[in-house]
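Please take a moment to look through the structure shown here, and keep it in view while reading the paragraphs that follow.

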Amino acid sequence: LTSAGTTLAPTWITPIVWSAGSVALSATNTSKAVTFGTAFANTNYQVHANLVNTTDTNVQTMPITITAKSTTGFTATFADAIDDANYTLSYIAVSNA
């Protein structure tokens, strides 16, 4: 649908709100608090997060659990301590609420 050259979504489609980024981790981190640039309206968002290390030959792999959520961010907790400072936590948080 267009109106005066602007594409409009149908009114029955709920807009998707998202935040994505990457934060540096330090050796021995067992969790990391992430703050969004813009707050979500509520905590009904989903987070996908993963560890990234493009430097080391032998990298850690481990589960990440989201242990806290607020409208302004979340906390990711790792199954073990991060073994060096070459890791980042890459994430995307998505909501349609």
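Which residue in strand 8 is the bridge partner of Gly 21? In this predicted model, the partner of Gly 21 is Tyr 91, and the pair belongs to a broader arrangement in which strand 3 (residues 17-24) and strand 8 (residues 88-95) run antiparallel and are joined over eight bridges.

These two strands are part of an open sheet of three strands, whose order is 3-8-5 and whose pairing is antiparallel. Strand 3 and strand 5 (46-52) form the edges of this sheet, since each of them pairs on one side only. On average, neighbouring strands here are turned by 10 degrees against each other when direction is ignored.

Strand 3 also holds Ser 19, and one may ask whether Ser 19 is buried or exposed. With a relative accessible area of 11%, Ser 19 counts as buried, because buried means a value under 20%. Leaving aside residues up to four places away in sequence, Ser 19 touches Phe 36, Phe 40, Tyr 91, Ile 92 and Ala 93, and Tyr 91 is the residue already met as the bridge partner of Gly 21.

Another set of pairings involves strand 7 (residues 73-78), which is joined to strand 4 (residues 31-35) by five bridges in an antiparallel manner; within this pairing, Thr 35 has Gly 73 as its bridge partner. Strand 7 is also joined to strand 6 (residues 64-70), again antiparallel, by six bridges, and here Lys 69 is partnered with Phe 74. Following the chain from strand 6 to strand 7, the reader passes through a hairpin in which two residues make the connection.

Note on methods
Residues are numbered from 1 along each chain as its sequence is written. This is a predicted model: local features need pLDDT of at least 70, side-chain atom pairs count only at pLDDT 80 or more; totals for chains, interfaces and linings use all residues. Side-chain values use heavy atoms; hydrogens and water are left out. Two strands pair if DSSP finds at least two bridges between them. Helices (H or I, at least four residues) and strands (E, at least two) are DSSP runs, numbered from the N terminus. Buried means under 20% relative accessible area, exposed over 50%, partly exposed in between (1.4 Å probe, protein chains only). Contact means heavy atoms within 4.5 Å. Axes are lines fitted to C-alpha atoms, for helices over the stretch in contact, and angles run from 0 to 180 degrees between N-to-C directions.
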